[in-house]
Amino acid sequence: MIKYIELKSGFSNDGPACIGIVKTSKSGKTIYFNDKALVRGNGMLGNHFDIETGEEYWISNIKKNGEDRHWSGAGKIKIETAVVPEYLKIIGAAKLNMTKFIIVESFKKTDISRFEAALNERV
């Protein structure tokens, strides 16, 4: 499954943003991405937070119109090479608009077992 992930803490709508493959917990409340466990919650700007740092993230499905960043946000979005074909299919485009994206080989894999104890304590 691919998602849009943007760091909100300290950046408002201009934080580092990515489109990549995520894994989810059985409940769907935790997103594992780029060596992070991001738990659903209500923050000031984000809808998820990093269980290790407390930083807020905005995570959403890919928008069909290709406008994943907030309308007042800026900056290029990093996108994994492996998800480009699926992303293009979702937005109905033939190629990426390279003024909006930076293609990266891949993001870090997440060792889910590293977070299991901390997440189980929260329950």
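**Exercises on a pocket, two buried residues and a sheet**

In this predicted model, the second largest pocket holds about 230 Å³ of space. A pocket is found on a 1 Å grid over the protein atoms alone, as an open set of points where a 1.4 Å probe fits, with protein on both sides within 12 Å along at least five of seven lines, and lining residues have an atom within 4 Å of a point. Residues are numbered from 1 along each chain as its sequence is written, side-chain values use heavy atoms without hydrogens and water, and local features need pLDDT of at least 70, side-chain atom pairs pLDDT 80 or more, while totals for chains, interfaces and linings use all residues.

**Exercise 1.** Describe the lining of the second largest pocket.

*Solution.* Start at the centre: of the 14 lining residues, P16, A17, C18, N34 and Y57 are the closest to it. Next, take the elements that give two or more residues to the lining, which are β1, β2 (17-21) and β5 (36-40); strands are DSSP runs of E with at least two residues, numbered from the N terminus. Finally, sort the lining by character, which gives ten nonpolar, one polar and three charged residues.

**Exercise 2.** Decide whether E6 and K8 are buried or exposed, and list what each touches.

*Solution.* First locate them: E6 is found in strand β1 (residues 2-7), whereas K8 lies in the loop between β1 and β2. Buried means under 20% relative accessible area and exposed over 50%, with a 1.4 Å probe and protein chains only. E6 counts as buried because its relative accessibility is 1%, and K8 is buried with a relative accessible area of 5%. Then look at contacts (heavy atoms within 4.5 Å): leaving aside residues up to four places away in sequence, E6 touches residues including D14, P16, W58 and R69, and K8, with the same exclusion of neighbours within four places, is in contact with N13, L45, G46, E56, Y57 and W58. Last, the side chains of E6 and R69 are joined by a polar contact of 3.4 Å.

**Exercise 3.** Trace the order of the strands in the sheet, and find which strands are at its edges.

*Solution.* The sheet is open, has nine strands with mixed pairing, and follows the order β3-β4-β5-β6-β7-β1-β2-β8-β9. The edge strands are β3 (23-24) and β9, each of which pairs on one side only. Two strands pair if DSSP finds at least two bridges between them. Strand β8 (residues 77-80) pairs with β2 in the parallel sense over three bridges, and C18 has K78 as its bridge partner in β8.

Terms used: Helix = DSSP H or I, 4+ residues; strand = E, 2+ residues; numbered from the N terminus. Polar contact = N/O pair within 3.5 Å; in protein donor to acceptor, adjacent residues only side chain to side chain. Points joined across faces, edges and corners; volume = space filled by probe spheres on them. Nonpolar A, V, L, I, M, F, W, Y, C, P; charged D, E, K, R; others polar.
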